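Reader: I've just opened this one and could use a friendly walk through it. Can we take it piece by piece?

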Amino acid sequence: MEFASSSLCQAHKVALTRQPSPPVNSCSLGSVSVIGFSLPQISSPSLAKCRRKQSSPGSVRACVAVEQKTRTAIIRIGTRGSPLALAQAYETRAKLQAKHPELTEDGAIHIEIIKTTGDKILSQPLADIGGKGLFTKEIDEALINGHIDIAVHSMKDVPTYLPEKTVLPCNLVREDVRDAFICLTAASLADLPAGSVVGTASLRRKSQILHKYPSLSVEENFRGNVQTRLSKLQGGKVHATLLALAGLKRLSMTENVASILSLDEMLPAVAQGAIGIACRTDDDKMASYLASLNHEETRLAVACERAFLETLDGSCRTPIAGYATKDEEGNCYFRGLVASPDGTKVLETSRKGPYVFEDMVKMGKDAGQELLSRAGPGFFGN
């Protein structure tokens, strides 16, 4: 389905496409396929198929047992059920299978979909119902209780304090951290007429939009998965929206992008574009699997950014942005930002130092302490 271009921008068209489903495994005896992955076979040694011979009275009745091999998943992956969350789980599964041949067997990896509170309640802003941790709470509980072995998260949804008995030792290679501008009638935020409404549930995006474009308005409770938000845009509920480019790439939906915002125009959320994988602290087997997938450059960048966020004690009521990257000299360059919710005040800082864990965490904390001091009491309005 393709959006019709408006008279304001005949050359610009935005298409909505469905995310192609992952290949569905063919069904075999004792197994069932659901949403592109195989559930373990359900069978029992006592299961038998009896064939009774009807011959003359007193004949022997034969019963032939058909034994089925019970398959138990080696790794049970927990994830949310949104198309993007599933894409991230499939990516994790593919990387595990590429590294470990034993995981390519049918049923060796099982994906468990867990509906979180954040997915269930869409009528209220996240800040009013408990924050981003509501996208991870039930998955963390399933991990701690042993219902799943590893949990796949979007790192920007993970609270700075991990639940007890869990560890997050692995980050996959980071995707593009920038935000994408999605609109049917304009090519950029600067091209939107005064009074245009931009939909976003992110205070980080809202504050930076209003700071640079005070003539625009922001619809704050613009929540839902990527497909839902694009549908709301098509239905005319807002004139434009911003989405993480990383998610659109993972969903193969970049054709919806009108333009990509530079880091100067929109600094990303802490850990945007990064996938984190958690396991239990006492599960050495899973820790070994995850170690084989970890991308250390991403892990260190995320650690720097999360140290900044933790120092600021950031929540969904606090507009905060931060990004750490490796420069041409191999050093870490970090940029951090805090803003008032209405965008009237924006404070920024930066740090540069060795691309080493201890140094990068220290840079993140130091940057956070500086902005706390500069902001002063009451800056965030809560």
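Author: Happy to. We can begin with a single pair of residues: in strand E6, Ile113 is the bridge partner of Thr79. Keep in mind that this is a predicted model.

Reader: Okay, so how many bridges join E5 to E6?

Author: Strand E5 covers residues 75-79, and E5 and E6 run parallel. The Thr79 and Ile113 pair belongs to this pairing. The number of bridges joining E5 to E6 is five.

Reader: What is the order of the strands in the open sheet of five?

Author: The pairing in this sheet is mixed. E6 (109-113) and E8 (166-171) are at the edges with a single partner strand each, so each has one side without a neighbour in the sheet. Neighbouring strands are turned by 30° against each other on average, direction ignored. The order is E6-E5-E7-E14-E8.

Reader: Which helix lies across E5, E7, E8 and E14?

Author: Look for a helix spanning residues 137-144. It runs at about 160° to E7, the strand at 150-154. That helix is H4.

Reader: I also see H8. Why do its buried residues line one face of the helix?

Author: The buried residues in H8 (284-291) are Met286, Tyr289 and Leu290. On the other side of H8, Asp284 and Ala291 are exposed. In an α-helix, residues three or four places apart point the same way, because there are 3.6 residues a turn. Seen down the axis of H8, the buried residues line one face because they fall within an arc of 95°.

Reader: And what do the buried residues of H8 pack against?

Author: We've already met several of these partners in the five-stranded sheet, whose strands include E5 and E7. The buried residues of H8 also pack against a helix, found at 83-99. The full set is E5, E7, E8, E14 and helix H1.

Reader: Moving on to E9, how many of its residues are buried?

Author: Strand E9 runs over residues 179-183 and is mostly covered. On one side sit Asp179, Phe181 and Cys183, on the other Ala180 and Ile182, and all are buried. The number buried is five of five.

Reader: Which residue in E12 is the bridge partner of Ala180?

Author: E9 is joined to E12 (residues 240-244) by five bridges, and these strands run antiparallel. E9 is also joined to E13 (259-260), by two bridges and again antiparallel, with Phe181 opposite Ser259 there. Back in E12, the partner of Ala180 is Leu243.

Reader: Lys206 caught my eye. Is this residue buried or exposed?

Author: Lys206 is found in helix H5, residues 203-212. Leaving aside neighbours within four places in sequence, Lys206 is in contact with Thr200, Val218, Glu220 and Pro341. Its relative accessible area is 13%, and buried means under 20%. Lys206 is therefore buried.

Reader: There's a three-stranded sheet too. Which strands stand at its edges?

Author: This open sheet has the order E15-E16-E17, with antiparallel pairing. The twist averages 10° from one strand to the next. Each edge strand has a single partner, so one side of each is left without a neighbour in the sheet. The edge strands are E15 (320-326) and E17 (346-353).

Reader: Which residue in E17 is the bridge partner of Leu337?

Author: E16 covers residues 332-339 and pairs with E17 in the antiparallel sense over eight bridges. The partner of Leu337 in E17 is Glu348.

Reader: Which strands does H10 touch when it packs on the sheet?

Author: H9 packs on this sheet as well, touching E15 and E16, and its direction makes about 150° with that of E15. The direction of H10 makes about 155° with that of E17. The strands H10 touches are E16 and E17.

Reader: How close do the axes of H9 and H10 come?

Author: H9 covers residues 296-312 and H10 covers 357-375; their axes cross at roughly 30°. The two helices are therefore roughly parallel to each other, and the crossing is right-handed. Residues making the contact include Ala303 and Ala307 of H9 and Gly364 and Gly368 of H10. The axes come within 7 Å.

Reader: Last one: what percentage of the residues in the chain is buried?

Author: The chain has ten helices and 17 strands. There are 382 residues in the chain, and the buried ones make up 49%.

Conventions: Residues are numbered from 1 along each chain as its sequence is written. This is a predicted model: local features need pLDDT of at least 70, side-chain atom pairs count only at pLDDT 80 or more; totals for chains, interfaces and linings use all residues. Side-chain values use heavy atoms; hydrogens and water are left out. Two strands pair if DSSP finds at least two bridges between them. Helices (H or I, at least four residues) and strands (E, at least two) are DSSP runs, numbered from the N terminus. Axes are lines fitted to C-alpha atoms, for helices over the stretch in contact, and angles run from 0 to 180 degrees between N-to-C directions. Contact means heavy atoms within 4.5 Å. Buried means under 20% relative accessible area, exposed over 50%, partly exposed in between (1.4 Å probe, protein chains only). The arc is that of the directions from the helix axis to the C-beta atoms. Angles under 35 degrees count as roughly parallel, over 145 as roughly antiparallel, 65 to 115 as roughly perpendicular and the rest as oblique. A crossing is left-handed if the near helix is turned anticlockwise from the far one by less than a right angle, and right-handed if clockwise.
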